[in-house]
Amino acid sequence: MTEPALQVSPGCPPPHPAPRRPALALPRDSCDAHCHILGPADVFSYAPDRTFTPLDAPKEQLSALHAHLGITRAVVVQSSCHGHDHAVLLDALRSGDGRLRGVALIGESTRRGDIEELHRAGVRAFRLNFLPHLRTPPTRAEIDSVLERVDGLGWAAQLHVQGEEIAGLDTVVRELPGRVVIDHMGRVDLAEGFDGPAPRSLRALLDTGRVWVKVSGVDRISRQGPPYGDAVALAASLVAHAPERVVWGTDYPHVNIVGEAPDDGLLVDLVERIAPDPAHLRRLLVDNPAELYDFPSAS
């Protein structure tokens, strides 16, 4: 008997039907430092307690997009719709010929042996979701439990927060050992301007010397729509502020968004505006992700 088709959640549109080929020629070993692989659900089931159901976006789809965009490395972030079952991530990493790294979601059921397997496959960070549409924010005890189980592996802590939460998490961020990565520029509210509390907190965290920011998600935080000039300007200011601790990603396949999926070719071309200095652009796309996620030295 055929299983009924899953009902795709609102906010999970299909990918852009024809992303343009970027005019920007990317440096060799350029990295998409934030993307997801989803399903296919008939092979890698979605978690029963997930908060959203996406369209399938299998590894072959992501690989084809990267080839089209000129991207050769990527960091695949475990999606909350797959929960703590990392089968989909392990499958991708093991077939990636060293071009992929991963970010895991560690839960109470994730044993140390599982974590060591993830590390061997290429996972180099764990993600903490503080957004209420994904899960209840982790308690300090839960964070400490994760830290205990990943101890000694050198993984970065990757935080998914939203706007006003950044200032409130300052103490947590500063107490985390090792490197800390803030996803999607903290998903700040650009209505408050570049000098509002959240952007100021982002810059202050960068100034600690061990916090990194992903200048991804311009389409998520822009109040203007394509080509996202307001969000691009914020990203450019962060790159100029700390060019040695920023990375970039597409956020493909763009789940939990408002409206249609962005053109990933446009997102690539915007990188030249985010990092107009060629040296900064190379750091953003090649050198920084290689350092943060333990890729081999750029060839």
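**Exercise 1. In which handedness of crossing does α2 pass α3?**

Keep in mind as you work that this is a predicted model.

*Solution.* Start by finding the two helices: α2 covers residues 87-94 and α3 covers residues 112-121. Next, look at how their axes meet: they come within 9 Å and cross at roughly 30 degrees. Angles under 35 degrees count as roughly parallel, so α2 is roughly parallel to α3. Now for the handedness: α2 passes α3 in a left-handed crossing.

Then pick out who does the touching. On the α2 side you'll find L90, L93 and R94, and on the α3 side E117, L118 and A121. Sort these contact residues by class and you get 4 nonpolar, no polar and 2 charged.

**Exercise 2. Work out how helix α10 is oriented relative to helix α11, and which residues make the contact.**

*Solution.* Take the ranges to begin with: α10 is residues 264-274, and α11 is residues 278-293. Their axes are 9 Å apart, and the packing angle is about 135 degrees. Roughly perpendicular stops at 115 degrees and roughly antiparallel needs over 145, so α10 is oblique to α11.

For the contact itself, α10 offers V271, E272 and I274, while α11 brings L281, L284 and L285. Split by class, that contact has 5 nonpolar residues, no polar ones and 1 charged.

**Exercise 3. Track down two cis peptide bonds, and say which loops their prolines P40 and P227 sit in.**

*Solution.* Go to G39 and P40: a cis peptide bond joins them, with omega at about 5 degrees. P40 sits in the loop between β1 (31-35) and α1 (59-69).

Now jump ahead to P226 and P227. The peptide bond from P226 to P227 is cis too, and its omega is near 0 degrees. P227 belongs to the loop between α8 (218-221) and α9 (229-241).

**Exercise 4. Find out whether phi of M185 is positive or negative, and where M185 lies.**

*Solution.* Read off the backbone angle: phi of M185 is near 55 degrees, a positive value, and this residue isn't a glycine. As for its place, M185 is in the loop between β6 (180-182) and α7 (197-206).

**Exercise 5. Describe the second largest pocket: its volume, its lining and the residues closest to its centre.**

*Solution.* Begin with the volume, which is about 390 Å³ for the second largest pocket. A set of 20 residues lines this pocket, and the closest to its centre are D219, R220, I221, S222 and V258. To finish, break the lining down by class: 8 residues are nonpolar, 5 polar and 7 charged.

Definitions and conventions:
Residues are numbered from 1 along each chain as its sequence is written. This is a predicted model: local features need pLDDT of at least 70, side-chain atom pairs count only at pLDDT 80 or more; totals for chains, interfaces and linings use all residues. Side-chain values use heavy atoms; hydrogens and water are left out. On a 1 Å grid over the protein atoms alone, a cavity is a set of points where a 1.4 Å probe fits but cannot get out, and a pocket is an open set with protein on both sides within 12 Å along at least five of seven lines; lining residues have an atom within 4 Å of a point. Grid points are joined across faces, edges and corners, and a volume is the space filled by probe spheres set on the points. Ala, Val, Leu, Ile, Met, Phe, Trp, Tyr, Cys and Pro count as nonpolar, Asp, Glu, Lys and Arg as charged, and the others, Gly among them, as polar. Axes are lines fitted to C-alpha atoms, for helices over the stretch in contact, and angles run from 0 to 180 degrees between N-to-C directions. Helices (H or I, at least four residues) and strands (E, at least two) are DSSP runs, numbered from the N terminus. Angles under 35 degrees count as roughly parallel, over 145 as roughly antiparallel, 65 to 115 as roughly perpendicular and the rest as oblique. A crossing is left-handed if the near helix is turned anticlockwise from the far one by less than a right angle, and right-handed if clockwise. Contact means heavy atoms within 4.5 Å.
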